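Visitor: I am new to this structure and would like a close look at a single part, the salt bridges. Please take me through them slowly.

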Amino acid sequence: MPAMLRSLRHHNYRLWAVADLISVTGTWMQVLALNWLILTLTHSATSVGMGLVLQALPTMLLGPWGGVIADRLPARRVVLAGQIAQAGLSTLLAVLAAGPPGAISGLYAISFVSGMVTALTSPALGRFGGEVVGPDDLSNGLALGSLLSSGARILGMSLAGVVIPLAGVPGAFAANAASFGAVIVALLLMRTRELHVLPPGAPSERGVAAGFRHVLRTPWMLVTLFLAFMLGSLGRNYQVTMAAMSQGPLHGGAAGYGALSVAFAVGTVLGGAYAAARARLPLRLLLVTAFLCSIGQLLSGAAPNLATFGALMLPVAASAVLIDTTVSTRVQLDNPGHLRGRVIAAQGMVGAASGAVGGPLLGYLCDTLGPRAALMLAGTACALATVAAAWALARLRAGRGLLPRLAAVPAPESAAP
C-alpha cells in the first residue's frame with residue numbers, strides 16, 4: 001500500500017473514513033443551505049457572520065470542559081452521543097425551515113445548541129482519531145481525513161445544488177441528519193481490541209486548570225495558536241467573503257457562490273493530498289504556507305472576474321488545509337497523551353474564537369468597505385502576523401533551544417478524522 005494511504009490498512013480507520021466521507025458530505029450540504037438561507041432572508045453578510053459566531057461561541061465558553069470530558073471518559077462513547085445529538089438538531093432544523101418564512105432567531109438558536117454539542121464532544125472526536133490509527137500513523141490519518149473531508153465538501157456542495165432545487169433547503173438539512181447514521185454505524189462496528197486507547201489523566205491532572213497550565217508553559221504552542229487565530233479569523237472565513245464577492249462585485253449570484261465553493265473544495269483536496277504525501281510536517285512548513293496563503297488572499301481581492309477569483313481560491317484553500325493539518329499534528333504529537341483532550345480543546349477554542357471574531361468582522365468590512373477592500377486588508381494583516389510568528393519562533397530557537405527539537409520532529413514514517 002502506498003505510504004500516502006498507509007492509515008487505510010487499519011480496519012477501524014477504513015470504517016471511520018467511509019463514515020466521515022458520508023457525514024461531511026451532509027454537513028457541507030447543510031452549511032451551503034444555511035448560509036444561503038440566512039443571506040436570502042437578511043440580505044446581509046454580517047448576518048451570515050453572526051450565524052458563525054453563534055456556532056463558535058459555545059466552544060469558547062465550554063471548550064475546556066469538553067477537553068476534560070475527553071481525557072476522563074471513553075472517547076468512543078462521547079463521540080457516539082455527540083453524533084446522535086447532532087442528527088436530532090439537523091432534523092429540527094429541517095422541520096423549522098419547512099415552515100413559513102419568518103425571523104432567523106430559530107436558525108440562530110439551533111446553531112447555538114449545535115455549537116454546544118460540538119464544544120463538549122469535539123475534543124473527544126480529536127482524541128478518538130488518535131485511538132483509531134495510533135501514534136505511528138496519526139499524521140497520515142489527519143492528512144487523509146483532511147483529504148476525505150475536502151472531497152466530501154465538493155460532493156456536498158454539488159449535491160446541495162441538486163437537492164435544494166428539488167427538495168428545497170429543508171431537504172438539504174434532512175440529508176445531513178441522515179448522514180450522521182453512517183458515523184453511528186461505524187462506531188458500533190469498530191473492533192475495540194484494535195483501538196489504541198490513550199491513558200486517562202492522573203487524578204492530580206484531570207481538571208481544566210491542568211490543561212491551561214500546560215498550554216501557558218509551552219511557548220512554541222502559544223505562538224502557533226496565535227498564528228492559527230489570526231489565520232482563522234481574518235484569513236479563513238471564506239463562507240462570508242465568497243458569498244459577498246459573488247453577490248457583489250463579481251455578479252455571480254447563488255450559482256457563482258456554489259461554483260466558488262466547489263473551487264475552494266478542489267483546492268482543499270490538493271492540499272490534503274500534499275499533506276498526506278509528506279513525511280514531515282514541521283513548523284517551518286506552517287510559516288511558509290501561512291505567508292503564501294496570506295498573499296493569495298490579498299491578491300484575490302483584486303480579482304477582476306469570477307474565474308480569476310476561483311483560480312486564486314485553489315492555492316489559498318490548499319494552503320488552508322496544509323496549515324490545519326500541520327497545526328493539528330504538532331499539537332497532538334508534541335504534547336503528553338494524557339493531556340491530549342485538553343490541548344485539542346485549546347486548539348478548538350482558538351478556532352472558535354477566530355470564527356467568532358473573523359466572521360462578523362469580515363462581514364462588517366464587506367458591508368462597509370466592500371468585499372475587495374476587506375480581502376486585501378485581511379490578507380495584509382495575516383501576512384504581518386506570519387512574519388511576527390516567525391520572529392517569535394526564531395527567538396525561541398536561539399534563546400531556549402526548544403524549536404529545533406519540535407520543528408524537526410517528523411510525522412512518523414511507518415505505515416482524522
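Visitor: Does Glu 194 count as buried, partly exposed or exposed, and what is the relative accessibility behind that label?

Guide: Please keep in mind that this is a predicted model. Glu 194 counts as partly exposed, because its relative accessibility is 29%, and buried would mean under 20%. Its side chain meets that of Arg 191 in a salt bridge, at 3.0 Å from N to O, and Arg 191 also counts as partly exposed, with a relative accessibility of 34%.

This pair belongs to a set of four salt bridges found in a search of the whole structure. Another of them joins the side chains of Arg 127 and Asp 71, with 2.6 Å from N to O. Arg 127 lies in helix α4 (residues 105-133) and Asp 71 in helix α2 (residues 45-72), so this salt bridge ties together parts that are 56 residues apart in sequence. Both Arg 127 and Asp 71 are buried, Arg 127 having a relative accessibility of 3%.

Arg 127 also forms a salt bridge with Glu 131, where the closest N and O atoms are 4.0 Å apart. Here the two partners are separated by about one helical turn, because they are four residues apart in helix α4. An α-helix has 3.6 residues a turn, so residues three or four places apart point the same way. Glu 131 is buried as well, with a relative accessible area of 5%. Taken together, Asp 71, Arg 127 and Glu 131 are linked with Arg 342 in a network of salt bridges.

Conventions
Residues numbered from 1 in each chain as written. Predicted model: local features only at pLDDT ≥ 70, side-chain atom pairs only at ≥ 80, totals over all residues. Heavy atoms only, no water. Helix = DSSP H or I, 4+ residues; strand = E, 2+ residues; numbered from the N terminus. Buried < 20%, exposed > 50% of the residue type's maximum accessible area, 1.4 Å probe, protein only.
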